[in-house]
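Trainee: I'd like to learn how to read helix packing and burial from a model. Could you walk me through one?

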Amino acid sequence: MADELLTVPDVMARLKLGRSTVYDLIRSHRLPSITIGRSRRIPAAAVRDFIRNQLAEAA
């Protein structure tokens, strides 16, 4: 089954971050994403991996 693709506003809500911060994470390749047409989509697994990595760095 294909992984769920999230919009930038979805990621903003899940991570409680602003739009510019989410785009900064995408630009810095800390949060992988794909572009479909003019829309940016982030795999839900990438968000989970990002959270896991942040927790590991904080430990």
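Trainee: At what angle do the axes of helix 1 and helix 2 cross?

Mentor: Bear in mind that this is a predicted model. The general idea: two packed helices are described by the angle between their axes and the distance between the axes. Here, the axes of helix 1 (residues 8–15) and helix 2 (residues 19–27) cross at roughly 105° and come within 9 Å. That makes the two helices roughly perpendicular, since angles from 65 to 115 degrees fall in that class.

Trainee: Which residues make the contact?

Mentor: From helix 1, look at Val8, Pro9, Val11 and Met12; helix 2 brings Arg19, Val22, Tyr23 and Ile26. Sorted by type, the contact residues come out as seven nonpolar, one charged and no polar.

Trainee: Now burial. Which residues of helix 1 are buried?

Mentor: Buried means under 20% relative accessible area. In helix 1 that gives Val8, Val11, Met12 and Leu15. Next, check how they are spread around the axis: they cover an arc of only 105°, so they sit on the same side of helix 1. Their packing partners are strand 1, helix 2, strand 3 and helix 3.

Trainee: And which residues are buried in helix 2?

Mentor: Val22, Leu25 and Ile26. Their arc is only 100°, which again puts them on the same side of the helix. They pack against helix 1, strand 3 and helix 3. Turn to the face pointing away from the buried side of helix 2 and you'll find Ser20 and Arg27, both exposed.

Trainee: Let's zoom in on Leu25. What does Leu25 touch?

Mentor: Start with its setting: Leu25 is in helix 2, and its relative accessibility is 8%, so it counts as buried. Leaving out residues up to four places away in sequence, Leu25 touches Leu17, Arg30, Leu31 and Phe50. Take the pair with Phe50: they are 25 residues apart along the chain, yet their C-alpha atoms are separated by 9.7 Å.

Trainee: Phe50 is in helix 3, then. How far apart are the end C-alpha atoms of helix 3?

Mentor: They are 21 Å apart. To judge that value, use 1.5 Å a residue: the 15 residues of helix 3 (residues 44–58) should span 21 Å, so the two agree.

Trainee: Which residues of helix 3 are buried, and what covers them?

Mentor: The buried ones are Ala44, Ala46, Val47 and Phe50. Viewed down the axis, they fall within an arc of 165°, so they line one face of helix 3. Their cover includes strand 1 (5–6), helix 1, helix 2 and strand 3 (39–43). On the other side of helix 3, Arg52, Leu55 and Ala56 are exposed.

Trainee: One last feature: backbone angles. What is phi of Lys16?

Mentor: Phi of Lys16 is near 55°, a positive value in a residue other than glycine. Lys16 follows helix 1 and lies in the loop between helix 1 and helix 2. With a relative accessible area of 70%, Lys16 is exposed.

Trainee: What about His29: buried or exposed?

Mentor: Exposed, at 69% relative accessible area. His29 comes just after helix 2, in the loop between helix 2 and strand 2 (34–36). Its phi is positive too, about 65°, although His29 is not a glycine.

Key:
Residues are numbered from 1 along each chain as its sequence is written. This is a predicted model: local features need pLDDT of at least 70, side-chain atom pairs count only at pLDDT 80 or more; totals for chains, interfaces and linings use all residues. Side-chain values use heavy atoms; hydrogens and water are left out. Axes are lines fitted to C-alpha atoms, for helices over the stretch in contact, and angles run from 0 to 180 degrees between N-to-C directions. Helices (H or I, at least four residues) and strands (E, at least two) are DSSP runs, numbered from the N terminus. Angles under 35 degrees count as roughly parallel, over 145 as roughly antiparallel, 65 to 115 as roughly perpendicular and the rest as oblique. Contact means heavy atoms within 4.5 Å. Ala, Val, Leu, Ile, Met, Phe, Trp, Tyr, Cys and Pro count as nonpolar, Asp, Glu, Lys and Arg as charged, and the others, Gly among them, as polar. The expected span of a helix is 1.5 Å times one less than its number of residues. Buried means under 20% relative accessible area, exposed over 50%, partly exposed in between (1.4 Å probe, protein chains only). The arc is that of the directions from the helix axis to the C-beta atoms.
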